[in-house]
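I set out to look up one residue and its surroundings, and then the helix that carries it. My entries follow the order in which I looked.

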Amino acid sequence: KAYPEAEDQSQIKLQVARLQLENGKIQEAITNFKQLQRVADIEVSMEASYRLGMHYVSNQQVKEAENTFKSALPAAGGENYYRLSSLAQLAAIYENLGKNAQAISTYELLANSTSEERWTAAAQERIQLLRMQSNQ
């Protein structure tokens with residue numbers, strides 16, 4: 001469907017994709033989220049990536065989730081909540097796959113991407129635990 005040109009067109013399309021997902025229109029939602037990942041508005045693209053990645057996680061599509069969350073790796077998203085959440089999810093995926101080195105580096109990126117204590121403390125805690133496990 002074509003949406004009317006508007007300043008907040010990407011935001012509207014994001015809301016449509018969320019509703020599609022909630023209402024079981026999975027393919028339409030996935031298509032919209034993938035398109036939104038490429039928009040210039042970093043807030044929209046980060047949220048689209050996060051929501052698509054979480055859809056994959058909830059359906060045990062680990063490789064798709066990993067690839068989707070990787071879009072949060074570039075620093076362009078800064079301290080955006082959805083970027084930080086995507087990094088946390090990506091690190092957890094690596095951890096669950098036994099890829100501890102990748103998990104640690106992703107948690108380090110997360111900790112270095114924000115000044116918010118709750119994010120940095122959680123990331124540092126996971127890093128310490130993974131390093132302890134690696135030394136055993």
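Which residues is Tyr 107 in contact with, leaving aside its neighbours within four places in sequence? I note beforehand that this is a predicted model. I found Ala 88, Ala 91, Ala 92, Glu 95, Ala 123, Arg 126, Ile 127 and Leu 130 in contact with Tyr 107, once those neighbours are set aside.

Entry on the residue. I located Tyr 107 in helix α6, which covers residues 100-112. I then asked whether Tyr 107 is buried or exposed. Its relative accessibility is 6%, and because buried means under 20%, Tyr 107 counts as buried.

Entry on its partners. I looked up the side chain of Tyr 107 and found a polar contact with the side chain of Glu 95, at 2.7 Å. I also checked Leu 90, which lies 17 residues from Tyr 107 along the chain; the two C-alpha atoms are 8.8 Å apart.

Entry on the helix pair. I turned to α6 and helix α7 (residues 117-134), whose axes are 9 Å apart and which pack at an angle of about 160°. Angles over 145 degrees count as roughly antiparallel, and α6 and α7 are therefore roughly antiparallel to each other. The crossing of α6 past α7 is left-handed. From α6, the residues making the contact include Ala 103, Ile 104, Tyr 107 and Leu 110; from α7, they include Trp 119, Ala 123, Ile 127 and Leu 130. Sorting the contact by class, I recorded 9 nonpolar, 5 polar and 3 charged residues.

How values were computed: Residues numbered from 1 in each chain as written. Predicted model: local features only at pLDDT ≥ 70, side-chain atom pairs only at ≥ 80, totals over all residues. Heavy atoms only, no water. Helix = DSSP H or I, 4+ residues; strand = E, 2+ residues; numbered from the N terminus. Buried < 20%, exposed > 50% of the residue type's maximum accessible area, 1.4 Å probe, protein only. Contact = heavy atoms within 4.5 Å. Polar contact = N/O pair within 3.5 Å; in protein donor to acceptor, adjacent residues only side chain to side chain. Axes fitted to C-alpha atoms, helices over the stretch in contact; angles between N-to-C directions. Parallel < 35°, antiparallel > 145°, perpendicular 65-115°, else oblique. Left-handed = near helix turned anticlockwise from the far one by under 90°. Nonpolar A, V, L, I, M, F, W, Y, C, P; charged D, E, K, R; others polar.
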